[in-house]
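Biologist: Hey, I'm new to this one. Can you pull it up and walk me through it?

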Amino acid sequence: MVDDRAPRRGSERPRPRAVRDWPAPSLLGGLAADARDRLLSLGTLASYPADHVLMWESDRTDQHVFVLLRGVVKVTARTQDHRDALLAVRMGGDLVGELAAVDGLPRSATVTTCGRVAARRVARSAFLDLLRNDATVAHAVHESIVAKLRVANAHRVDFTGCDVATRLARVLHQIALTYGERAGAGAVIRWPITQPELASLSGAAEPSVHKALRRLRESGVVSTGYRTIRIEDLALLGSLAFAER
């Protein structure tokens with residue numbers, strides 16, 4: 001069941017935003033203004049608090065997709081030993097829930113907010129109608145799905161043969177570049193990501209990630225605070241992540 005107890009909804013359209021407000025690789029960032037407006041005309045505007053579940057893995061009843069406008073969400077799934085594995089992170093400009101909307105099968109993952117999130121909550125029927133009748137939006141959505149699959153495949157291949165320290169450096173580098181807030185030579189990840197989640201993204205045991213993260217802190221590459229990770233030097237982190245071995 002989808003937990004919708006906390007959002008504040010309204011039928012109003014969001015205020016116009018420039019394309020630069022969303023990352024260029026995201027769905028909204030890549031759409032032309034007229035196509036973006038057609039997508040954003042669907043559904044209702046909603047605001048969700050931190051740690052709010054937008055959709056549950058294996059749910060068969062929810063029939064909505066979410067067009068993220070602001071904020072960050074985590075995409076997780078349960079492993080066979082009943083742990084939560086972090087599969088991906090999505091932020092303003094991205095679409096979540098589209099796989100179940102397209103194929104009608106149960107949700108493949110749980111999506112939870114990291115801090116406050118604003119989104120358009122769109123019924124599956126309205127979303128599919130738009131895809132059938134709007135070739136531009138349909139093409140962009142299909143490209144978005146393919147891009148996510150390519151990233152997932154590249155992630156698996158990229159980690160082959162890498163030690164834990166290199167995997168962690170690559171995960172932090174990718175997150176900082178994609179979702180971080182640039183700050184001088186570095187970047188700040190201003191949403192909570194736990195060590196178990198870093199371990200699942202890195203494909204490593206949590207104790208090994210804990211040691212690797214401690215070494216990065218001791219070397220001055222990263223620092224951690226309450227619900228934040230600061231990359232002090234992105235170039236240095238990149239050299240550690242992609243150095244030839």
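Modeller: Sure, here is a quick tour of the fold, a pocket and a few residues. Keep in mind that this is a predicted model.

Biologist: Okay, how many helices and strands are there in the protein chain?

Modeller: The protein chain has nine helices and 11 strands.

Biologist: And what percentage of the residues is buried?

Modeller: Of the 245 residues in the chain, 48% are buried. The chain exposes about 12,700 Å², and carbon and sulfur atoms supply 53% of that area.

Biologist: What share of the contacts comes from residues 24 or more positions apart?

Modeller: If you take the contacts with a separation of 6 or more, residues 24 or more positions apart account for 72% of them.

Biologist: Got an example of residues that are apart in sequence, with a distance in space?

Modeller: Try threonine 44, which lies in strand β2, residues 44-48. Its C-alpha atom is 6.7 Å from that of valine 122, although the two are 78 residues apart along the chain.

Biologist: What does threonine 44 count as in terms of accessibility?

Modeller: Threonine 44 counts as partly exposed, because its relative accessibility is 28% and that class runs between 20% and 50%.

Biologist: Now a helix. Where does glycine 30 lie, and is it buried or exposed?

Modeller: Glycine 30 lies in helix α1, residues 27-30. It is exposed, with a relative accessible area of 57%. Serine 144 is 114 residues away from glycine 30 in sequence, and their C-alpha atoms are 9.6 Å apart.

Biologist: What about leucine 234, buried or exposed?

Modeller: Leucine 234 is buried, with a relative accessible area of 6%. It is found in helix α9, residues 234-242.

Biologist: Which residues is leucine 234 in contact with, leaving aside its neighbours within four places in sequence?

Modeller: Leaving those neighbours aside, leucine 234 is in contact with His173, Ala176, Leu177, Arg182, Ala185, Gly186 and Ala187. There's also glycine 184, 50 residues from leucine 234 in sequence, with 9.5 Å between the two C-alpha atoms.

Biologist: Which residues of helix α7 are buried?

Modeller: In α7, residues 195-202, the buried ones are Glu197, Leu198, Ala199, Leu201 and Ser202. Just after α7 comes glycine 203, which takes a positive phi of about 65°.

Biologist: Switching topic: how many disulfides does the structure hold?

Modeller: Zero. As for cysteines, cysteine 114 counts as buried at 7% relative accessibility, and cysteine 162 counts as buried at 15%.

Biologist: Why does 15% count as buried for cysteine 162?

Modeller: Because buried means under 20% relative accessible area, and cysteine 162 is at 15%.

Biologist: Last topic, pockets. What volume does the second largest pocket have?

Modeller: The second largest pocket has a volume of about 230 Å³. Its lining takes in 19 residues.

Biologist: Which of them lie nearest its centre?

Modeller: Gly71, Val72, Met91, Tyr179 and Trp191 lie nearest the centre of the second largest pocket. The elements that give two or more residues to its lining are β4, residues 64-78, and β7, residues 110-123.

Biologist: Which element gives the largest share of that lining?

Modeller: β4 does, with four residues.

Biologist: And how do the lining residues of the second largest pocket divide into nonpolar, polar and charged?

Modeller: There are 10 nonpolar, four polar and five charged residues in that lining.

Terms used. Residues are numbered from 1 along each chain as its sequence is written. This is a predicted model: local features need pLDDT of at least 70, side-chain atom pairs count only at pLDDT 80 or more; totals for chains, interfaces and linings use all residues. Side-chain values use heavy atoms; hydrogens and water are left out. A disulfide is a pair of cysteine sulfur atoms within 2.5 Å. Buried means under 20% relative accessible area, exposed over 50%, partly exposed in between (1.4 Å probe, protein chains only). On a 1 Å grid over the protein atoms alone, a cavity is a set of points where a 1.4 Å probe fits but cannot get out, and a pocket is an open set with protein on both sides within 12 Å along at least five of seven lines; lining residues have an atom within 4 Å of a point. Grid points are joined across faces, edges and corners, and a volume is the space filled by probe spheres set on the points. Ala, Val, Leu, Ile, Met, Phe, Trp, Tyr, Cys and Pro count as nonpolar, Asp, Glu, Lys and Arg as charged, and the others, Gly among them, as polar. Contact means heavy atoms within 4.5 Å. Accessible areas come from the Shrake-Rupley method with a 1.4 Å probe; for residues, only the protein chains shown count as cover.
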